[in-house]
Amino acid sequence: MKAEIWEPSAEPGRPPRHLYRLSSDGLVLARQRLADRAAANAAAARRRPGVIAQARTAGGAL
C-alpha cells in the first residue's frame, strides 16, 4: 500500500530523508475512507440540524 524511498540530503552532513508514497491501491483506499468519513459526518450533521442553523446565522461557511 505504500512505497518507501531514501532521498539523499542536499546539505553535507545531514542524514538522508525517509520518504513514503502511497501506491495506487493505497491511494484508492485512502480516498474511499475519506469519502466514507465525509458521508458519516454529513449523516451526523443531518441528525443535529441546530448545529447547521447556528453556523449559518453566525455567518459561518459550510
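Author: In this predicted model, pLDDT is the predictor's confidence in each residue, from 0 to 100.

Reader: Where in the chain is confidence lowest, and where is it highest?

Author: The lowest mean, 59, belongs to helix α2 (residues 49-57), and the highest, 90, to helix α1 (residues 24-47). The chain as a whole averages 82, with 77% of the residues scoring at least 70. Where pLDDT is low, the predicted coordinates should not be read in detail.

Reader: What makes strands β1 and β2 a pair?

Author: Pairing requires at least two bridges between the strands. Strand β1 (residues 2-7) and strand β2 form 6 bridges, in the antiparallel sense, and therefore they count as paired. Within this arrangement, I5 stands opposite L19 of β2.

Reader: Why is strand β2 described as hardly covered?

Author: A residue is buried if its relative accessible area is under 20%. Among the 6 residues of strand β2 (residues 17-22), the count of buried residues is 0.

Reader: Why is R17 called exposed, and E7 partly exposed?

Author: R17 has a relative accessibility of 52% and is therefore exposed, the cut-off being over 50%. E7, at 34%, lies between 20% and 50%, so E7 is partly exposed.

Reader: How do you know that R17 and E7 form a salt bridge?

Author: The criterion is a side-chain nitrogen of Lys or Arg within 4 Å of a carboxyl oxygen of Asp or Glu. The N to O distance for R17 and E7 is given as 4.0 Å, so the pair qualifies. This contact links distant parts of the chain, R17 in strand β2 and E7 in strand β1, 10 residues apart. The structure holds 1 salt bridge.

Key
Residues numbered from 1 in each chain as written. Predicted model: local features only at pLDDT ≥ 70, side-chain atom pairs only at ≥ 80, totals over all residues. Heavy atoms only, no water. Helix = DSSP H or I, 4+ residues; strand = E, 2+ residues; numbered from the N terminus. Buried < 20%, exposed > 50% of the residue type's maximum accessible area, 1.4 Å probe, protein only.
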